[in-house]
Amino acid sequence: MRVHVLGSAGWIPGEDETSCFMVEHEGALLLLDAGTGVSNLARHKDVLERHERITVLLSHYHLDHVIGLIYLLPFLEGKELHIYGPGIPCYDRSTRDLLEQLLQPAFFSRPLERFCERVECFDYCGKDFSADGVAVSVVPQRHSAPSFRLTLDNRLIYATDTAFAPSEWRGDYHGMTLLHECWDVTSEGQGKHTSAKDLLDGLPAELVRSTYLIHKNPSWTRADLDALERMAQAKGAHVARDGMVLEV
């Protein structure tokens, strides 16, 4: 499994784009969320040429995780688009209905059904599912709107927009890689998000060393980022940046 970091920032793009991770695995091409990082697909035309379908797995629908759907158009010629999202009953409408509302003519010139020749939307409803033959396990998260941790093929864990609780991370994580948000450096101000300190102190030790901190806060100063780097290095963890390629 190869993971390309296309967008590792949260909320507002800056030095890095917002949440998007491209995964190549078992002949499938998957995007974990579709923030502004989708724009970085332009740097991976060689990858796109190998695949006839792009499959998007949405953790939730906040704009910094879905606005990049409109950037997919240049990369969809001759391809299919599949989108999996937490629709009914997690939300009061299906994934397709929610995205069609976002992409109505007042906000974007092309409806979802015309993005490419074939567009399919699926509700995963908080339950485990399979996307293009890749097993995806689903765990509900605590956030301001329904949000879900997604694990691909028991190898890659994607957990963004969630408050951290050590009790939710009991188990065997040997050989797994974690992409986890770190909206705060320390626990001050934490609410519906996670601090890097609480995360790195509370995760199982075997998982910390393969943890990449994502969804970085755009309000951080250089001093905050330096503190985050030192904290991660001290624990053996990593700070994700756009352009990284991870072999999982």
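Which residues does Arg 149 touch, not counting residues up to four places away in sequence? Keep that in mind while you get set up. What you have open is a predicted model, so treat the tour as a walk through a prediction.

**Stop 1: Arg 149**

Select Arg 149, which sits in strand 9 (residues 147-152). Now show its contacts: Ser 137, Val 138, Val 139, Gln 141, Ile 157, Tyr 158, Ala 159, Glu 168, Trp 169 and Tyr 173. Is Arg 149 buried or exposed? Its relative accessible area is 8%, under the 20% cut-off, so Arg 149 counts as buried. Next, add Ser 59 to your selection. Ser 59 and Arg 149 are 90 residues apart along the chain, yet their C-alpha atoms are separated by 6.8 Å.

**Stop 2: the open sheet**

Switch to a cartoon view and look for the open sheet of 7 strands, in the order 6-5-4-3-2-1-14. Its pairing is mixed. If those words are new to you: strands of a sheet pair through backbone hydrogen bonds, either parallel or antiparallel. Strand 6 (118-123) and strand 14 (245-247) are the edges; each has a single partner strand, so one side of each has no neighbour in the sheet. Turn the view a little and you can follow the twist: on average, neighbouring strands here are turned by 20° against each other, direction ignored.

**Stop 3: strand 1 and its two partners**

Pick strand 1 (residues 2-7). It pairs with strand 14 in the antiparallel sense, over 3 bridges. Click on Arg 2 and look across to Glu 247 in strand 14, which stands opposite. Val 3 likewise has Leu 246 of strand 14 opposite.

Strand 1 also pairs with strand 2 (residues 20-25), again antiparallel, over 5 bridges. On this side, try His 4, which faces Met 22 in strand 2. How much of strand 1 is covered? Mostly: 5 of its 6 residues are buried.

While you are at strand 2, step into the loop between strand 2 and strand 3 (28-32) and select Glu 26. Its phi is near 50°, a positive value in a residue that isn't glycine. Glu 26 is exposed, with a relative accessible area of 62%.

**Stop 4: strand 5 and helix 3**

Now go to strand 5 (80-85), where 5 of the 6 residues are buried. One partner is strand 4 (residues 53-57), which pairs with strand 5 in the parallel sense over 5 bridges. Here Arg 53 stands opposite Glu 80 of strand 5. The pairing with strand 6 is parallel too, with 6 bridges, and His 82 has Glu 120 of strand 6 opposite.

Follow the chain out of strand 5 into the loop that leads to helix 3, and stop at Pro 89. The peptide bond from Ile 88 to Pro 89 is cis, with omega near 5°.

Then show helix 3 (residues 95-102), which packs on the sheet, touching strand 5 and strand 6. Its direction makes about 120° with that of strand 6. Together, strand 5, helix 3 and strand 6 make a right-handed β-α-β unit.

In the loop between helix 3 and strand 6, select Leu 103. It is buried, at 3% relative accessible area. Beyond residues up to four places away in sequence, Leu 103 touches Ile 70, Phe 108, Arg 110, Pro 111, Leu 112 and Phe 115.

**Stop 5: Asp 132**

Asp 132 lies in the loop between strand 7 (129-131) and strand 8 (134-141). Although it is not a glycine, Asp 132 has a positive phi of about 55°. At 23% relative accessibility, Asp 132 counts as partly exposed.

**Stop 6: helix 6**

Finish at helix 6 (residues 222-235). At 1.5 Å a residue, its 14 residues should span 20 Å, and the end C-alpha atoms are 20 Å apart, which agrees. Colour its buried residues: Leu 225, Leu 228, Glu 229 and Ala 232. Those four cover an arc of only 100° around the axis, which puts them on the same side of helix 6. An α-helix has 3.6 residues a turn, so residues three or four places apart point the same way.

What covers them? Helix 4 (196-202), strand 12 (211-214) and strand 13 (238-239) are included in the cover. Rotate to the other side of helix 6 and you'll meet Ala 223, Arg 230 and Ala 234, which are exposed. Just after the helix comes Gly 236, with a positive phi near 85°.

Technical notes. Residues numbered from 1 in each chain as written. Predicted model: local features only at pLDDT ≥ 70, side-chain atom pairs only at ≥ 80, totals over all residues. Heavy atoms only, no water. Helix = DSSP H or I, 4+ residues; strand = E, 2+ residues; numbered from the N terminus. Expected span 1.5 Å × (residues − 1). Buried < 20%, exposed > 50% of the residue type's maximum accessible area, 1.4 Å probe, protein only. Arc of directions from axis to C-beta. Contact = heavy atoms within 4.5 Å. Pairing = 2+ DSSP bridges. Axes fitted to C-alpha atoms, helices over the stretch in contact; angles between N-to-C directions. Right-handed = clockwise from strand over helix to strand, strands pointing away.
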